[in-house]
Amino acid sequence: MPELSRVVEVLQSIAPIANAEEWDNVGLLVGDLRQSVSRAILTIDYTPEVAEEAKSGNCDLILAYHPPIFSGLKRITAPSLIHDAIRRGLAIYSPHTALDVADGGTNDMLADALGLSERRPLRLIALKANHLKLVTFVPERDVERVSQAMFNAGAGKIGDYTQCSFRSSGTGTFLGNERTNPTIGRSGRLEETPELRLETVIPINKVSDVIAALKQSHPYEEPAFDLQQLAAAPTGIGQGRIGTLPGTPREQIFSRIEQELNLTHLLIAGPTTGTITKAACCAGACGDFLNDALAARCDLYLTGEIRHHDAVKAAAHNMTVVCTLHSHSERAVLKRLAKMLNEKLPDFPLQISHADRDPFAIL
């Protein structure tokens, strides 16, 4: 039996949680990374029916696409599903929007159902930068000591290079009151002194150490410094997909969606005939991305659900909107996730839940 830490490592290699939406709650939600796990069940939602199925199948790891813990919990008591999972020693992991944006993940699954080529994300996500830039001002004679102290504390690393900095010369001014004891000049008089502007980068987890090293090594009583948030460089990672089609009739697209997602019904707004040459998709509730698809002049937009007025808006722009119901736009990704896990953990038993289903039924 693998340790849970090994399974989590594989899951994060498939769908890195750093790429999830900021509002989401992804990753390991319940469990101990040191515990061993013998079998996993994959589900869209962790419901009482799925919990019972996991129990009867001796599954001790729940891979729930939707996070069963989404907002903060103030108490965990019986008979809640989370209390039951903790009592039984179950682990719960949720990939959600991290899997949506992943290569081969939920949105690529929808793009494949549409047959999109030349595909790209419908909207790029803004990744958090994990570095800050520190700017400080040091007398020229002290710059080597100060910079080396900060480097030793973790600053100045860019890729395979260390001790990276930028230095430019200028003039610093200061006027200390009677309570000060300036290193240069004296209190009560405006002083000017040549200084170097010293810039370097700091990993976020090293900020406290580097600032402490700066203050300890700097000759001034109150060294001035700035911390600047750095923007992450674009990576091509994003939500949804947009691409082209070779002039395919709408009726053929509808049939393909039903076949690929194993559906018998679709909700369709807008034109139902004519050809499609450009389409977009986004799994789940993606009305917020409709404007992106409209701006790109897509003929069709496939998603799980959107608001009534968004459907009216799309139709007014001659765009066809296809809604599958929320979880039906996501469910087929479970087979993909199981296959990717089997390739990396061939001896770890997995099963896709039979009890999991969309809460809405079409009668």
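**Note on strand S16, the nonpolar cores and helix H5**

1. In this predicted model, Ala269 stands opposite Val321 in S16, and the strand to which that pairing belongs, S13 (residues 267–269), joins S16 in the antiparallel sense over three bridges. Tyr301 also stands opposite Val321 in S16, while strand S15 (residues 300–305) runs parallel to S16 and is joined to it by four bridges.

2. Between S15 and S16 the chain passes through helix H10 (residues 308–316), and the resulting β-α-β crossover is right-handed.

3. Within S16 itself (residues 320–323), the side chains divide between two directions, with Thr320 and Val322 pointing one way and Val321 and Cys323 the other, although all of them are buried.

4. The largest nonpolar core contains 50 residues, and the members with the most contacts inside it are Leu61, Leu114 and Leu300. Once its neighbours within four places in sequence are set aside, Leu61 is in contact with Leu4, Val7, Val37, Arg39, Ala40, Ile41, Ala91 and Phe348. A second core, separate from this one, has 19 residues, including Ala269, Cys282, Ala293 and Ala311.

5. Helix H5 (residues 106–114) deserves a separate remark, because eight of its nine residues are buried and the helix is therefore largely enclosed by the rest of the structure. The buried residues are Thr106, Asn107, Asp108, Met109, Leu110, Ala111, Ala113 and Leu114, the last of which is also among the residues with the most contacts inside the largest nonpolar core. After H5 comes Gly115, with a positive phi near 80°.

Technical notes
Residues numbered from 1 in each chain as written. Predicted model: local features only at pLDDT ≥ 70, side-chain atom pairs only at ≥ 80, totals over all residues. Heavy atoms only, no water. Buried < 20%, exposed > 50% of the residue type's maximum accessible area, 1.4 Å probe, protein only. Pairing = 2+ DSSP bridges. Right-handed = clockwise from strand over helix to strand, strands pointing away. Core = buried A, V, L, I, M, F, W, Y, C linked by side-chain atoms within 4.5 Å. Contact = heavy atoms within 4.5 Å.
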